[in-house]
Structures are given as C-alpha cells and as structure tokens.
Amino acid sequence: MEKEVIEAELVLPTYFNFKKIQIFDKYPKGQSRGRWKHLKQIIQAENYLNYPPHQPNYVNIESPPSMHPPKRICDITGYEAPYVDPRTKLRYANAEVFKLIRSLPNDYVQRYLALRNAAVVLR
C-alpha cells in the first residue's frame with residue numbers, strides 16, 4: 001500500500017479485537033438461580049391482598065379501557081388502514097389491496113367481515 005494511505009490511517013486493520021463473550025461466561029450456572037423468580041414466587045413475596053382491588057397487578061390484570069381510539073387495521077395485509085371500501089366495508093392499506101378486495105367473491109368478503117366481528121350484510 002502507499003505510504004500516505006497508511007500514515008493517514010484510512011486502512012482498517014485486518015482483524016478486530018472484539019471480546020467474545022460466551023453465554024456461560026455471561027450467565028454462570030450457579031449465579032442465575034438467585035436472580036430469576038417465577039411468577040408464583042413473586043406473588044408469594046408481594047402482599048397483594050393489601051393493594052386496592054382496582055389497581056392492576058400480577059393477580060388482577062383488569063385495567064380500564066384505553067382512552068386512545070382503536071387502530072384501524074387492513075383486513076387483508078394487517079397494516080394500518082386509512083381507507084374503507086364503501087361497497088364491501090373492508091378496510092385496506094393501499095391501491096393494490098383495493099384491487100384485490102374488489103375482485104373477491106361475496107362469500108370471502110363475508111368471511112373477512114366475520115373475522116373482524118363486523119356484521120354487515122352485502123347486497
């Protein structure tokens with residue numbers, strides 16, 4: 001190589017001295033037993049009877065309804081869907097999916113609507 005390039009340190013070394021950490025070095029066998037707890041151990045350690053009943057925790061997973069509006073998901077692709085087909089009432093994400101929706105038979109459209117629990121009867 002040219003002397004100027006080597007002096008300017010523009011050439012990367014042929015090896016990198018990264019330290020390889022093996023999984024057994026990072027988490028030794030005897031050390032992990034004291035850190036991790038099972039859910040049953042957490043429930044026994046915490047006194048959940050003293051918490052108010054409306055506060056969500058490991059035992060009571062009920063929570064209030066979300067304050068945000070639900071996301072509209074494309075019935076075909078699963079992407080976010082800003083559009084709704086006025087004829088079939090299916091949600092779609094882009095023009096390609098719209099063409100596919102228009103080519104579907106009514107039986108398939110009813111199945112997609114049933115998956116979303118949208119009771120729409122097409123004429």
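**Group meeting: a predicted model of a 123-residue protein**

The accessible surface of the protein comes to about 11,600 Å², and 57% of that belongs to carbon and sulfur atoms. Accessible areas here come from the Shrake-Rupley method with a 1.4 Å probe, and for residues only the protein chains shown count as cover.

Some ground rules. This is a predicted model, in which local features need pLDDT of at least 70 and side-chain atom pairs count only at pLDDT 80 or more, while totals for chains, interfaces and linings use all residues. Residues are numbered from 1 along each chain as its sequence is written, and side-chain values use heavy atoms, with hydrogens and water left out.

On confidence: pLDDT is the predictor's confidence in each residue, from 0 to 100. The protein averages 76, and 63% of the residues score at least 70. Among the elements, helix α3, residues 32-35, has the lowest mean pLDDT at 57, and β1 has the highest at 95.

Next, the fold. The protein has six helices and two strands. Helices (H or I, at least four residues) and strands (E, at least two) are DSSP runs, numbered from the N terminus. In order from the N terminus, the elements run α-α-α-α-β-β-α-α. Of the 123 residues, 15% count as buried; buried means under 20% relative accessible area, exposed means over 50%, and partly exposed is in between, with a 1.4 Å probe and protein chains only. Taking contacts between residues at least 6 apart in sequence, 17% join residues at least 24 apart, where contact means heavy atoms within 4.5 Å.

Which residues make up the largest nonpolar core? There are 11 of them: Cys74, Ala81, Leu90, Tyr92, Ala93, Val97, Ile101, Leu104, Val109, Leu113 and Ala118. The elements giving two or more residues to this core are α5 (95-103) and α6 (106-115). By definition, a nonpolar core is a set of buried Ala, Val, Leu, Ile, Met, Phe, Trp, Tyr and Cys residues joined through side-chain atoms within 4.5 Å. Take Leu104 from that list: leaving aside its neighbours within four places in sequence, Leu104 is in contact with Ile76, Val109 and Tyr112.

Now the aromatic rings. Rings of Phe, Tyr and Trp (its six-membered ring) pair if their centres lie within 6.5 Å; planes under 30 degrees apart count as stacked, over 60 as edge-to-face, and the rest as tilted. By this rule there are two aromatic pairs. Tyr83 and Tyr92 are stacked, at 5.4 Å centre to centre with 25° between the planes. Tyr92 and Phe98 are tilted, at 4.9 Å centre to centre and 40° between the planes. Ring pairs thus link Tyr83, Tyr92 and Phe98 into a cluster. Buried or partly exposed, for Tyr92? Tyr92 counts as buried because its relative accessibility is 13%. Tyr83 is partly exposed at 42%, and Phe98 is partly exposed at 25%.

The loop between β1 and β2 has two residues to look at. One is Asp85, which counts as buried because its relative accessible area is 0%. What does Asp85 touch, leaving aside its neighbours within four places in sequence? Asp85 is in contact with Leu90, Tyr92, Phe98, Ile101 and Arg102. The other is Lys89, in the loop between β1 (83-84) and β2 (91-92). Phi of Lys89 is near 65°, a positive value in a residue other than glycine. Lys89 is partly exposed, at 38% relative accessibility.

Two more positions. Gln110 is found in helix α6 and is partly exposed at 30% relative accessibility. The C-alpha atoms of Gln110 and Thr88 are separated by 8.7 Å, with the two residues 22 apart along the chain. Asn57 is in the loop between α4 (39-45) and β1. Not counting residues up to four places away in sequence, Asn57 touches Tyr48 and Tyr51. Asn57 and Ile43 are 14 residues apart in sequence and 9.7 Å apart in space, C-alpha to C-alpha.

Last, the annotation. An unreviewed UniProt entry lists residues 72-101 as "domain: Vps72/YL1 C-terminal". UniProt positions are given in the numbering used here, feature names are shortened, and annotations may be inferred rather than shown by experiment. In the model, the end C-alpha atoms of residues 72-101 lie 16 Å apart, and the span is 23% helix and 13% strand.
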